[in-house]
Amino acid sequence: MSDSRLPVTVVTGFLGSGKTTLLRYLLSESHQRLAVVVNEFGTVGLDGDLLKTCGFCSDDEVDERIVELNNGCLCCTVQEDFLPAMEALLLRANQLDGIIIETSGLALPKPLLQALNWPAIRSKVFINGVVTLVDGYALSNGSPVGDLKSINEQITNDNSIDHLTPINDLFRDQLISADLVLISRSDLLSAKSFSFVRDEVKKQGNSITNILPISNGKIEPSVILGLCKEQNNISRSDQNDHDHDHDHDHDHHHDHDHDHDHDHDHDHVDVISEHLRFEFPINQNSLKEILLKLVPEYQILRIKGRCWIEGKALPLQIQMVGSRFNSWFESANDDSWKPSKTGIDLVSLSLKGGVKKAFESSF
(Lines give C-alpha, C1' and ligand atoms only; values in the text may rest on other atoms or scores of the structure.)
Protein backbone atom coordinates (compact mmCIF):
# COMPACT_ATOMS: atom_id res chain seq x y z
CA MET A 1 0.00 0.00 0.00
CA SER A 2 1.10 3.52 -0.65
CA ASP A 3 -0.64 4.90 2.41
CA SER A 4 0.96 4.05 5.74
CA ARG A 5 -2.28 4.34 7.73
CA LEU A 6 -5.26 2.06 7.26
CA PRO A 7 -8.68 3.73 6.86
CA VAL A 8 -11.25 2.65 9.46
CA THR A 9 -14.90 3.26 8.55
CA VAL A 10 -17.51 2.99 11.30
CA VAL A 11 -21.04 2.00 10.26
CA THR A 12 -23.74 2.42 12.89
CA GLY A 13 -27.52 2.37 13.10
CA PHE A 14 -30.28 0.46 14.83
CA LEU A 15 -31.28 -3.12 14.08
CA GLY A 16 -33.15 -3.12 10.78
CA SER A 17 -31.62 0.12 9.46
CA GLY A 18 -29.77 -1.72 6.68
CA LYS A 19 -26.18 -1.92 7.93
CA THR A 20 -25.53 -5.52 6.86
CA THR A 21 -27.15 -4.97 3.45
CA LEU A 22 -24.83 -2.00 2.90
CA LEU A 23 -21.78 -3.98 4.02
CA ARG A 24 -22.61 -6.88 1.70
CA TYR A 25 -22.79 -4.43 -1.21
CA LEU A 26 -19.50 -2.74 -0.29
CA LEU A 27 -17.69 -6.05 0.15
CA SER A 28 -18.84 -7.37 -3.21
CA GLU A 29 -18.70 -4.17 -5.29
CA SER A 30 -15.87 -1.98 -3.94
CA HIS A 31 -13.03 -4.21 -5.23
CA GLN A 32 -11.09 -3.32 -2.10
CA ARG A 33 -9.49 -5.74 0.34
CA LEU A 34 -11.61 -5.03 3.39
CA ALA A 35 -11.74 -6.53 6.86
CA VAL A 36 -14.94 -6.25 8.88
CA VAL A 37 -15.38 -6.11 12.64
CA VAL A 38 -18.97 -7.03 13.52
CA ASN A 39 -20.35 -6.17 16.96
CA GLU A 40 -23.14 -8.63 17.74
CA PHE A 41 -26.14 -8.12 19.99
CA GLY A 42 -28.30 -11.08 20.93
CA THR A 43 -28.40 -12.43 17.34
CA VAL A 44 -24.98 -14.06 17.71
CA GLY A 45 -23.37 -14.90 14.40
CA LEU A 46 -26.24 -13.60 12.27
CA ASP A 47 -24.51 -10.61 10.67
CA GLY A 48 -21.22 -12.48 10.39
CA ASP A 49 -22.87 -15.39 8.61
CA LEU A 50 -24.66 -13.06 6.20
CA LEU A 51 -21.40 -11.28 5.38
CA LYS A 52 -19.51 -14.53 4.89
CA THR A 53 -21.83 -15.47 2.03
CA CYS A 54 -20.89 -12.37 0.01
CA GLY A 55 -18.21 -14.17 -1.93
CA PHE A 56 -15.88 -11.18 -1.54
CA CYS A 57 -12.90 -13.37 -0.72
CA SER A 58 -11.91 -17.04 -0.79
CA ASP A 59 -13.18 -19.38 1.92
CA ASP A 60 -9.76 -19.71 3.53
CA GLU A 61 -9.58 -15.92 3.99
CA VAL A 62 -13.05 -15.35 5.43
CA ASP A 63 -12.20 -16.05 9.06
CA GLU A 64 -9.27 -13.65 8.90
CA ARG A 65 -11.28 -10.90 7.23
CA ILE A 66 -14.45 -11.00 9.36
CA VAL A 67 -14.04 -10.58 13.12
CA GLU A 68 -17.11 -11.11 15.28
CA LEU A 69 -17.23 -9.56 18.73
CA ASN A 70 -19.96 -11.46 20.54
CA ASN A 71 -19.54 -10.02 24.01
CA GLY A 72 -22.13 -7.30 23.90
CA CYS A 73 -21.77 -3.59 23.64
CA LEU A 74 -18.56 -2.71 21.85
CA CYS A 75 -18.22 0.60 23.63
CA CYS A 76 -18.36 -1.21 26.99
CA THR A 77 -15.78 -3.87 26.04
CA VAL A 78 -13.26 -1.79 24.12
CA GLN A 79 -10.20 -2.83 26.10
CA GLU A 80 -11.08 -6.52 26.44
CA ASP A 81 -12.35 -7.25 22.91
CA PHE A 82 -11.98 -4.45 20.43
CA LEU A 83 -8.35 -3.40 20.82
CA PRO A 84 -6.95 -6.97 20.62
CA ALA A 85 -9.08 -7.58 17.51
CA MET A 86 -7.78 -4.40 15.88
CA GLU A 87 -4.18 -5.18 16.76
CA ALA A 88 -4.56 -8.63 15.19
CA LEU A 89 -5.96 -7.12 11.98
CA LEU A 90 -3.21 -4.49 11.85
CA LEU A 91 -0.57 -7.22 11.84
CA ARG A 92 -1.84 -7.91 8.30
CA ALA A 93 -2.31 -4.25 7.33
CA ASN A 94 -0.23 -4.67 4.16
CA GLN A 95 -2.84 -7.16 2.91
CA LEU A 96 -5.76 -4.79 3.47
CA ASP A 97 -7.15 -1.60 1.93
CA GLY A 98 -9.33 -0.78 4.91
CA ILE A 99 -11.34 -1.91 7.94
CA ILE A 100 -15.08 -1.49 8.43
CA ILE A 101 -16.54 -1.66 11.94
CA GLU A 102 -20.24 -2.44 12.07
CA THR A 103 -21.39 -1.40 15.51
CA SER A 104 -24.83 -1.92 17.01
CA GLY A 105 -27.05 1.11 17.34
CA LEU A 106 -27.06 0.42 21.07
CA ALA A 107 -23.32 1.08 21.25
CA LEU A 108 -22.38 4.70 21.83
CA PRO A 109 -20.07 5.76 18.95
CA LYS A 110 -17.84 8.15 20.90
CA PRO A 111 -15.96 5.60 23.11
CA LEU A 112 -15.18 3.60 19.98
CA LEU A 113 -13.78 6.65 18.20
CA GLN A 114 -11.69 7.44 21.29
CA ALA A 115 -10.38 3.87 21.26
CA LEU A 116 -9.05 4.38 17.73
CA ASN A 117 -6.80 7.03 19.24
CA TRP A 118 -5.15 4.58 21.65
CA PRO A 119 -1.32 4.63 21.46
CA ALA A 120 -1.16 1.00 20.27
CA ILE A 121 -3.10 1.72 17.08
CA ARG A 122 -3.45 5.48 16.47
CA SER A 123 -0.34 5.80 14.28
CA LYS A 124 -1.52 2.89 12.11
CA VAL A 125 -5.10 3.98 11.34
CA PHE A 126 -7.23 7.04 10.68
CA ILE A 127 -10.98 7.50 10.99
CA ASN A 128 -12.24 7.28 7.44
CA GLY A 129 -15.70 8.35 8.52
CA VAL A 130 -18.67 7.51 10.70
CA VAL A 131 -21.68 6.47 8.61
CA THR A 132 -25.06 6.34 10.33
CA LEU A 133 -27.92 4.47 8.69
CA VAL A 134 -31.44 5.65 9.45
CA ASP A 135 -34.56 3.64 8.63
CA GLY A 136 -36.32 6.34 6.61
CA TYR A 137 -39.62 4.50 6.44
CA ALA A 138 -39.72 4.04 10.24
CA LEU A 139 -38.72 7.65 10.92
CA SER A 140 -41.37 8.92 8.51
CA ASN A 141 -43.85 7.06 10.71
CA GLY A 142 -42.57 8.73 13.86
CA SER A 143 -39.93 6.34 15.26
CA PRO A 144 -36.16 5.97 14.66
CA VAL A 145 -36.59 2.17 14.79
CA GLY A 146 -38.94 0.01 12.80
CA ASP A 147 -39.11 -2.91 15.21
CA LEU A 148 -39.07 -1.60 18.77
CA LYS A 149 -39.81 -5.08 20.14
CA SER A 150 -36.58 -6.49 18.68
CA ILE A 151 -34.57 -3.54 19.99
CA ASN A 152 -35.96 -4.10 23.48
CA GLU A 153 -35.09 -7.80 23.21
CA GLN A 154 -31.53 -6.83 22.31
CA ILE A 155 -31.29 -4.71 25.42
CA THR A 156 -32.87 -7.41 27.63
CA ASN A 157 -30.74 -10.27 26.28
CA ASP A 158 -27.37 -8.60 26.64
CA ASN A 159 -26.25 -8.38 30.24
CA SER A 160 -23.00 -6.62 29.38
CA ILE A 161 -24.70 -3.31 28.59
CA ASP A 162 -23.91 -0.95 31.43
CA HIS A 163 -25.63 2.10 29.93
CA LEU A 164 -29.39 1.96 29.57
CA THR A 165 -29.74 5.00 27.33
CA PRO A 166 -33.20 5.84 25.96
CA ILE A 167 -33.64 5.04 22.25
CA ASN A 168 -34.15 8.68 21.25
CA ASP A 169 -30.95 9.71 23.05
CA LEU A 170 -29.01 6.91 21.33
CA PHE A 171 -30.44 8.02 17.98
CA ARG A 172 -29.37 11.61 18.61
CA ASP A 173 -25.88 10.40 19.57
CA GLN A 174 -25.62 8.39 16.33
CA LEU A 175 -26.57 11.46 14.29
CA ILE A 176 -24.26 13.87 16.11
CA SER A 177 -21.31 11.49 15.64
CA ALA A 178 -22.01 10.94 11.93
CA ASP A 179 -19.91 12.29 9.08
CA LEU A 180 -22.51 10.97 6.63
CA VAL A 181 -26.14 9.92 7.18
CA LEU A 182 -27.77 7.41 4.83
CA ILE A 183 -31.56 7.25 4.74
CA SER A 184 -32.36 3.60 3.98
CA ARG A 185 -35.60 2.27 2.46
CA SER A 186 -35.84 5.60 0.66
CA ASP A 187 -37.56 3.89 -2.27
CA LEU A 188 -40.61 3.56 0.01
CA LEU A 189 -40.81 7.30 0.62
CA SER A 190 -42.53 10.03 -1.35
CA ALA A 191 -40.58 13.24 -1.97
CA LYS A 192 -42.59 14.90 0.81
CA SER A 193 -41.85 12.09 3.29
CA PHE A 194 -38.16 12.13 2.44
CA SER A 195 -38.02 15.90 3.04
CA PHE A 196 -39.65 15.36 6.44
CA VAL A 197 -37.11 12.64 7.34
CA ARG A 198 -34.18 14.75 6.14
CA ASP A 199 -35.35 17.74 8.17
CA GLU A 200 -35.78 15.55 11.27
CA VAL A 201 -32.25 14.18 10.89
CA LYS A 202 -30.82 17.70 10.49
CA LYS A 203 -32.76 18.91 13.52
CA GLN A 204 -31.47 16.13 15.78
CA GLY A 205 -27.95 15.87 14.35
CA ASN A 206 -25.36 18.15 12.79
CA SER A 207 -26.95 20.60 10.36
CA ILE A 208 -24.02 20.46 7.90
CA THR A 209 -23.71 16.65 7.77
CA ASN A 210 -24.49 15.33 4.30
CA ILE A 211 -27.63 13.20 4.06
CA LEU A 212 -28.12 10.77 1.17
CA PRO A 213 -30.93 8.38 0.23
CA ILE A 214 -30.10 4.69 -0.16
CA SER A 215 -32.14 1.68 -1.27
CA ASN A 216 -31.18 -1.99 -0.99
CA GLY A 217 -27.72 -1.05 0.28
CA LYS A 218 -26.59 0.30 -3.10
CA ILE A 219 -24.37 3.37 -3.14
CA GLU A 220 -21.21 4.46 -4.94
CA PRO A 221 -18.53 2.72 -2.78
CA SER A 222 -16.14 5.69 -2.89
CA VAL A 223 -18.73 7.78 -1.03
CA ILE A 224 -18.39 5.42 1.96
CA LEU A 225 -14.83 4.18 1.61
CA GLY A 226 -13.12 7.09 -0.12
CA LEU A 227 -10.97 6.93 -3.21
CA CYS A 228 -8.65 3.97 -3.09
CA LYS A 229 -5.03 4.35 -4.13
CA GLU A 230 -5.64 3.22 -7.72
CA GLN A 231 -8.17 6.01 -8.13
CA ASN A 232 -6.05 8.77 -6.64
CA ASN A 233 -4.55 9.84 -9.96
CA ILE A 234 -7.67 10.93 -11.81
CA SER A 235 -5.70 11.84 -14.91
CA ARG A 236 -6.10 8.19 -15.92
CA SER A 237 -9.64 8.92 -17.07
CA ASP A 238 -10.19 5.44 -18.47
CA GLN A 239 -9.31 3.71 -15.19
CA ASN A 240 -12.87 3.31 -13.94
CA ASP A 241 -16.16 5.07 -13.29
CA HIS A 242 -14.79 7.04 -10.33
CA ASP A 243 -12.50 9.00 -12.61
CA HIS A 244 -15.32 10.63 -14.56
CA ASP A 245 -16.57 14.06 -13.69
CA HIS A 246 -19.89 12.61 -12.62
CA ASP A 247 -20.13 9.44 -10.57
CA HIS A 248 -23.58 7.98 -10.08
CA ASP A 249 -24.96 5.81 -7.36
CA HIS A 250 -28.30 4.66 -8.64
CA ASP A 251 -30.33 5.51 -5.60
CA HIS A 252 -33.29 7.85 -5.45
CA HIS A 253 -32.60 11.58 -5.39
CA HIS A 254 -35.54 13.23 -3.68
CA ASP A 255 -34.72 16.88 -4.32
CA HIS A 256 -36.79 16.71 -7.49
CA ASP A 257 -40.55 17.11 -7.41
CA HIS A 258 -41.77 13.98 -9.14
CA ASP A 259 -44.36 11.26 -8.97
CA HIS A 260 -43.02 8.42 -6.86
CA ASP A 261 -41.93 5.53 -9.05
CA HIS A 262 -39.12 3.00 -9.27
CA ASP A 263 -37.30 4.29 -12.32
CA HIS A 264 -33.74 4.53 -11.02
CA ASP A 265 -32.46 6.06 -14.24
CA HIS A 266 -34.41 9.23 -13.60
CA ASP A 267 -33.87 9.47 -9.88
CA HIS A 268 -30.28 9.24 -8.67
CA VAL A 269 -27.56 11.08 -6.77
CA ASP A 270 -24.76 12.75 -8.72
CA VAL A 271 -21.38 12.56 -7.01
CA ILE A 272 -18.99 14.99 -8.68
CA SER A 273 -15.25 14.34 -8.70
CA GLU A 274 -12.83 17.27 -9.11
CA HIS A 275 -9.05 17.37 -9.21
CA LEU A 276 -7.38 20.24 -7.34
CA ARG A 277 -3.75 20.55 -8.37
CA PHE A 278 -2.02 23.87 -7.76
CA GLU A 279 1.52 25.08 -7.21
CA PHE A 280 1.53 27.90 -4.67
CA PRO A 281 2.65 28.46 -1.08
CA ILE A 282 0.20 27.13 1.50
CA ASN A 283 0.24 26.17 5.14
CA GLN A 284 -1.66 23.48 7.00
CA ASN A 285 -3.93 25.80 8.98
CA SER A 286 -5.08 27.89 6.03
CA LEU A 287 -5.68 24.75 3.94
CA LYS A 288 -7.87 23.25 6.65
CA GLU A 289 -9.74 26.51 7.15
CA ILE A 290 -10.50 26.89 3.44
CA LEU A 291 -11.62 23.29 2.97
CA LEU A 292 -13.88 23.35 6.03
CA LYS A 293 -15.50 26.54 4.75
CA LEU A 294 -16.30 24.86 1.42
CA VAL A 295 -17.82 21.69 2.93
CA PRO A 296 -21.38 22.92 3.58
CA GLU A 297 -21.57 25.19 0.53
CA TYR A 298 -20.58 22.49 -1.96
CA GLN A 299 -21.77 19.49 0.07
CA ILE A 300 -18.31 17.96 0.01
CA LEU A 301 -18.36 14.27 0.88
CA ARG A 302 -14.64 13.52 0.76
CA ILE A 303 -11.24 14.99 -0.01
CA LYS A 304 -8.04 13.02 -0.38
CA GLY A 305 -4.52 13.94 -1.45
CA ARG A 306 -1.32 15.70 -0.44
CA CYS A 307 0.01 19.14 0.36
CA TRP A 308 3.66 20.10 0.02
CA ILE A 309 4.62 22.74 2.58
CA GLU A 310 7.78 24.82 2.44
CA GLY A 311 10.41 23.65 4.92
CA LYS A 312 8.86 20.19 5.39
CA ALA A 313 10.77 17.16 4.16
CA LEU A 314 7.62 15.08 3.63
CA PRO A 315 4.27 16.02 2.08
CA LEU A 316 1.20 16.32 4.29
CA GLN A 317 -1.29 13.52 3.65
CA ILE A 318 -4.88 14.85 3.69
CA GLN A 319 -7.92 12.64 4.38
CA MET A 320 -11.19 14.49 4.90
CA VAL A 321 -14.75 13.22 5.23
CA GLY A 322 -17.35 15.95 5.64
CA SER A 323 -15.93 18.25 8.29
CA ARG A 324 -13.64 15.57 9.79
CA PHE A 325 -10.08 16.58 8.84
CA ASN A 326 -7.21 14.09 9.19
CA SER A 327 -3.61 14.93 8.28
CA TRP A 328 -0.14 13.56 8.84
CA PHE A 329 3.26 13.79 7.17
CA GLU A 330 4.07 10.82 4.97
CA SER A 331 6.32 10.07 2.01
CA ALA A 332 4.76 9.93 -1.46
CA ASN A 333 5.32 7.27 -4.11
CA ASP A 334 8.14 7.92 -6.52
CA ASP A 335 5.69 8.13 -9.44
CA SER A 336 3.37 10.61 -7.68
CA TRP A 337 3.03 14.15 -8.99
CA LYS A 338 5.12 16.66 -7.04
CA PRO A 339 5.25 20.47 -7.28
CA SER A 340 8.58 22.15 -7.99
CA LYS A 341 8.44 23.66 -4.50
CA THR A 342 5.07 23.90 -2.74
CA GLY A 343 1.50 23.05 -3.71
CA ILE A 344 -1.43 20.67 -3.39
CA ASP A 345 -2.73 17.61 -5.23
CA LEU A 346 -6.24 16.76 -4.02
CA VAL A 347 -9.30 14.91 -5.27
CA SER A 348 -12.73 15.97 -3.99
CA LEU A 349 -16.07 14.17 -4.12
CA SER A 350 -19.05 16.49 -3.70
CA LEU A 351 -22.74 16.78 -4.45
CA LYS A 352 -22.35 20.26 -5.94
CA GLY A 353 -19.79 21.21 -8.58
CA GLY A 354 -17.39 24.15 -8.39
CA VAL A 355 -15.07 23.06 -5.58
CA LYS A 356 -11.91 23.61 -7.63
CA LYS A 357 -12.91 27.10 -8.75
CA ALA A 358 -14.00 28.08 -5.22
CA PHE A 359 -10.75 26.77 -3.72
CA GLU A 360 -8.65 28.69 -6.23
CA SER A 361 -10.57 31.92 -5.61
CA SER A 362 -9.97 31.59 -1.85
CA PHE A 363 -6.36 32.71 -2.36
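Glutamine 299 counts as partly exposed, at 34% relative accessibility. You'll find glutamine 299 in the loop between helix 11 (284–298) and strand 10, and its phi is positive, about 50°, although this residue is not a glycine. Keep in mind as you look around that this is a predicted model. The protein has twelve helices and 13 strands, and buried residues make up 56% of its 363 residues.

**How confident is the prediction?**

- Across the protein, pLDDT averages 77, and 72% of the residues score at least 70.
- Confidence is highest in strand 10 (residues 300–308), with a mean of 95. Strand 8 (residues 246–249) sits at the other end, where confidence is lowest, at a mean of 40.
- Over residues 230–267, pLDDT is below 50. Even so, the model gives this stretch 86 contacts beyond near neighbours in sequence.
- Residues 42–48 also stay under 50, and the model has 14 contacts for them beyond four places in sequence.

**The overall picture**

- Take the contacts between residues at least 6 apart in sequence: 77% of them join residues at least 24 apart.
- The protein exposes about 16,000 Å², and carbon and sulfur atoms supply 46% of that area.

**Another positive phi**

- Asparagine 216 isn't a glycine either, yet it has a positive phi of about 55°.
- Look for asparagine 216 in the loop between strand 7 (210–213) and helix 10 (221–225).
- Is asparagine 216 buried or exposed? It is exposed, because its relative accessible area is 55% and the cut-off for exposed is over 50%.

**Two buried serines**

- Serine 30 lies in the loop between helix 1 (19–29) and strand 2 (34–39).
- Being in a loop doesn't leave serine 30 out in the open: at 10% relative accessibility, it counts as buried, since buried means under 20%.
- The side chain of serine 30 reaches back to the backbone oxygen of leucine 26, at 2.7 Å.
- Setting aside neighbours within four places in sequence, serine 30 is in contact with Tyr25, Pro221 and Leu225.
- Serine 350 belongs to strand 13 (residues 343–350) and is buried too, with a relative accessible area of 0%.
- What does the side chain of serine 350 reach? Its partner is the backbone oxygen of lysine 352, at 2.9 Å.
- Not counting residues up to four places away in sequence, serine 350 touches a whole list of residues, including Asp270, Val271, Tyr298, Leu301 and Val355. Glutamine 299, from the start of this briefing, is one of them.

**The nonpolar cores**

- The largest nonpolar core has 24 residues, and the ones touching the most other members are Leu22, Leu182, Leu212, Ile219, Val223 and Ile224.
- Which elements each supply at least two residues of this core? They are helix 1, strand 2, strand 5 (125–135), strand 6 (180–184), helix 10 and strand 9 (269–278).
- Helix 1 gives the largest share of this core, four residues.
- Leucine 22 touches Val11, Leu133, Leu182, Ile214, Gly217 and Ile219, again leaving out residues up to four places away in sequence.
- A second core, separate from that one, has 23 residues, among them Leu287, Val295, Ile318 and Phe325.

Methods. Residues are numbered from 1 along each chain as its sequence is written. This is a predicted model: local features need pLDDT of at least 70, side-chain atom pairs count only at pLDDT 80 or more; totals for chains, interfaces and linings use all residues. Side-chain values use heavy atoms; hydrogens and water are left out. pLDDT is the predictor's confidence in each residue, from 0 to 100. Contact means heavy atoms within 4.5 Å. Buried means under 20% relative accessible area, exposed over 50%, partly exposed in between (1.4 Å probe, protein chains only). A polar contact is a pair of N or O atoms within 3.5 Å; within protein, one must be able to donate a hydrogen and the other to accept it, and residues adjacent in sequence count only if both atoms are side-chain atoms. Accessible areas come from the Shrake-Rupley method with a 1.4 Å probe; for residues, only the protein chains shown count as cover. A nonpolar core is a set of buried Ala, Val, Leu, Ile, Met, Phe, Trp, Tyr and Cys residues joined through side-chain atoms within 4.5 Å.
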